[in-house]
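Let's take a walk through a small set of features in this structure, one piece at a time. Keep the picture open while you read.

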Amino acid sequence: MIGSPGDLVVEIAWIINPFRGDKFLEVWEPVAEASLDFGATAQTLIRSQTDPAKFFQYSTWPDKV
């Protein structure tokens, strides 16, 4: 993720039933991308390679101060 000094990085950790992981990604990716419409400068949604139940959503937001 590329950001500027002072940007806020937000992490959301998701625990999803591993058997529903692919469906979660399919449904949630467009929702996660909507953060860009609300001012985020970057976002990503990734699945852990070591634990298929864990997903991590990151977004970068400019400092509003």
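Start with Ile-16: its relative accessible area is 17%, and because buried means under 20%, Ile-16 counts as buried. Bear in mind that this is a predicted model. You'll find Ile-16 in the loop between S1 and H1.

So what does Ile-16 touch, leaving aside its neighbours within four places in sequence? The list is Gly-21, Phe-24, Ala-53 and Phe-55. As for Gln-57, that residue is 41 residues along the chain from Ile-16, and the C-alpha atoms of the two are separated by 13 Å.

Ile-16 also belongs to the largest nonpolar core, which has five residues in all. The other members are Phe-24, Leu-25, Leu-45 and Phe-55. Take Leu-25 as another way into this group: not counting residues up to four places away in sequence, Leu-25 touches Pro-30, Leu-45 and Phe-55.

Now zoom out to the sheet. Three strands make up an open sheet in the order S1-S3-S2, and the pairing is antiparallel. The edge strands are S1 (8–15) and S2, each of which pairs on one side only. From one strand to the next, the twist averages 15 degrees. Helix H1 (residues 21–33) packs on this sheet and touches S1, S2 and S3. The direction of H1 makes about 175 degrees with that of S2.

Let's look at one pair of strands in detail. S2 and S3 form a hairpin, with six residues between them. S2 covers residues 42–47 and S3 covers residues 54–61, and the two pair in the antiparallel sense over six bridges. Here are two of the facing residues:

| Residue | Opposite residue in S3 |
|---|---|
| Arg-47 | Phe-55 |
| Ala-42 | Thr-60 |

Phe-55 should look familiar, as it is one of the residues of the nonpolar core.

One last stop: the loop between S2 and S3, where Ser-48 lies. Is Ser-48 buried or exposed? Its relative accessible area is 17%, and the limit for buried is under 20%, so Ser-48 is buried. The side chain of Ser-48 makes a polar contact with the side chain of Thr-50, at 3.2 Å. Not counting residues up to four places away in sequence, Ser-48 touches Lys-54 and Phe-56.

Terms used
Residues numbered from 1 in each chain as written. Predicted model: local features only at pLDDT ≥ 70, side-chain atom pairs only at ≥ 80, totals over all residues. Heavy atoms only, no water. Pairing = 2+ DSSP bridges. Helix = DSSP H or I, 4+ residues; strand = E, 2+ residues; numbered from the N terminus. Axes fitted to C-alpha atoms, helices over the stretch in contact; angles between N-to-C directions. Contact = heavy atoms within 4.5 Å. Buried < 20%, exposed > 50% of the residue type's maximum accessible area, 1.4 Å probe, protein only. Core = buried A, V, L, I, M, F, W, Y, C linked by side-chain atoms within 4.5 Å. Polar contact = N/O pair within 3.5 Å; in protein donor to acceptor, adjacent residues only side chain to side chain.
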